[in-house]
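Hi,

Here's the structure I promised to pass on. Have a look at it first, and my notes follow underneath.

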Amino acid sequence: MKALLNAIARLGRLFLDGAQHAGSMALFAVELAWVLIPTWSRPRDIFQQIYAAGVLSLVIILVAGGFVGLVLGLQGYNILSNFNASESLGVMVALSLVRELGPVVAALLFAGRAGSAITAEIALMKTTEQLAALEMMAVDPMRRVIGPRFWGAMIAVPLLAAMFSLVGIVGGYLIGVVVLGVDQASYWGQIREQMEAWDDVGGGAIKSLAFGAVIALISVYEGYRAEPTASGMARATTQTVVLSSLAVLGLDFVMTAFMFGA
Amino acid sequence: MIELDGVHFSRGAQVIFDGVDMHFGRGEVTVVLGPSGTGKTTLLRLIGGQVRPASGRVMVDGIEVARARRKALYALRRRMGVLFQNGALFTDLTVGENVAFPLRAHSRLDEALIRRIVLFKLEAVGLRSARDKYPAALSGGMARRAALARAMALDPEIMLYDEPFAGQDPVSMGVLLRLIRRLNDALGLTSIVVTHDVKEAMSIADRVIVIAGGRVIGQGTPEEVRAQREQEPALAQFLDGAADGPLNAAEDESPLSADLGLGGGQ
């Protein structure tokens, strides 16, 4: 009986902790929203963050995109050739990438590669009183540190997702057309014919924009609110990757249901 | 210049300040002494407006810090320089860029002029040759002096020093002591030095305030504070660094056997 009560109590506490976390993140998001426009008064800060978060993530994104495209090409060819439909390989690879795998996998990789780095950087600046020093120099850390990092991540994610998809489609071409002998004209032709600019490409772009915003928010929030200790920093970076990944996958389901469900 | 009026401040259940009154005079070096954990850093954060008192007022040059609007508060902070405990230098900027940072943030001076000011400030703390080094390459004492140069960059009227001597070897401590005194006199600053190094700090102080247990247990010139020790046993214990006395009496109140669950302790 007592064990049961304890379990229920623990469940309740877990829920309360979660609610508190969500609440304070929402408050933080409001505070952040206030500085998002003023942050653009120093565009160089933002470009620097796009470089740090985006350009430096290019290698992992391009390599991963290439491999995913190769695998899609192989698997797709195997299934489609059962139905004598291997000419549709191009559109299958392209749609999988543009609608789903591009936005989602690029976002997951980004959270691990750049989101965790953003969190760690901000948490370290907090631990070493650099944020307090900014405040006492009459420089708002929200504007100077948090805002540019948020923008950098949010802008980088959709661009990376687009490049992920492009490289993936080329990967599918390499395995399908060059190695397995699918007709080159139908690989590209079917993509051009069947892919909708607004529904497919636009839908994927909206998805990755949303993922970018969510990862950016989680990354800066976890860093800003990290406990100023070594273990606090470790917890914050882990939290960023875990929360971002779950949020991306959950959000992906919801958005897919709305966009492609009917 | 700076005035604390019946300030209460607590963190959770722990009372940090229990109605303290303090006064810091213009142009003076005031040293705030007290055992670790008595809220000396909190005092600086109150003055800088980073935390608010639960009740009471903190006045800086006629402005109530906790009530000031953001703009007024930032204008006030621009007149303050803070030396943080570990320097708090920006680790991704060189020493020179660190010193230039507040200038670039708050002025529209051209680069050539900023360069000159930076060299000038670094010369004042004896670090001109280290301007292209990153903070990670500096020793503790050098980092603190670099941070001092940055704190002085905007020619503040008020300087706040948070434990400037912690972890310094005797030589760099001596250098810092002399710097604090000289800067104060040469530039007509109002300086507040928070520390627990009694002897060294007393040597440069115009006035001394000793806090312990959430209240002020002694204040005045160094001589006056030394003379007050007769009436205040806690002050005497702190100044002498005695192991036993009222400051750590609370530790011993409940017998160890009670915590061990032996029952016998009454």
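**Gly220(B) and its strand**

Leaving aside residues up to four places away in sequence, Gly220(B) touches Arg207(B), Val208(B) and Val225(B), where a contact means C-beta atoms, placed from the backbone, within 7 Å. Before you read on: this is a predicted model, with local features needing pLDDT of at least 70, side-chain atom pairs counting only at pLDDT 80 or more, and totals for chains, interfaces and linings using all residues. Residues are numbered from 1 along each chain as its sequence is written, while chains are lettered from A and ligands numbered from 1 in the order in which they are written.

Gly220(B) is found in strand E10 of chain B. Helices (H or I, at least four residues) and strands (E, at least two) are DSSP runs, numbered from the N terminus. Is Gly220(B) buried or exposed? Partly exposed, because it has 14 C-beta neighbours inside 10 Å. For the cut-offs, buried takes 20 or more other C-beta atoms within 10 Å of the residue's own, exposed takes 12 or fewer, and partly exposed is in between, again with C-beta atoms placed from the backbone. Val210(B) is 10 residues away from Gly220(B) along the chain, and their C-alpha atoms are separated by 9.3 Å.

**The sheet in chain B**

Chain B has an open sheet of six strands with mixed pairing, in the order E6-E7-E8-E3-E9-E10; two strands pair if DSSP finds at least two bridges between them. E6 and E10 of chain B are at the edges with a single partner strand each, so one side of each has no neighbour in the sheet. Inside the sheet, E7 (residues 158-162) and E8 (residues 190-195) of chain B run parallel and share five bridges. Leu160(B), for one, has Ile192(B) in E8(B) as its bridge partner.

Helix H9 of chain B (residues 233-240) has Ala234(B), Leu235(B), Gln237(B), Phe238(B) and Leu239(B) buried. The buried residues of H9(B) pack against helix H7 (198-204), strand E9 (207-212) and strand E10 (215-220) of chain B. After H9(B) comes Gly241(B), with a positive phi near 65°.

**Chain A**

Chain A is another story: nine helices and zero strands. Its C-alpha trace spans about 65 × 60 × 35 Å along the principal axes. Chain A has 262 residues, 45% of them buried. Take the contacts in chain A between residues at least 6 apart in sequence, and 86% of them join residues at least 24 apart.

**The core and the contact between chains**

The largest nonpolar core (buried Ala, Val, Leu, Ile, Met, Phe, Trp, Tyr and Cys residues joined through C-beta atoms within 7 Å) has 142 residues. Those with the most contacts inside it include Ala107(A), Ile215(A) and Val210(B). Helix H4 of chain A (residues 89-127) gives the most to this core, with 22 residues. Among the residues that Ala107(A) touches, beyond four places in sequence, are Val157(A), Phe211(A) and Val248(A).

How many residues does each chain bring to the contact? Chain B brings 14 residues and chain A brings 10 residues. On the chain B side, helix H2 (70-77), strand E6 (80-83) and helix H3 (95-106) each give two or more residues, and H3(B) gives the most, with three.

Cheers

Technical notes. Contact = placed C-beta atoms within 7 Å.
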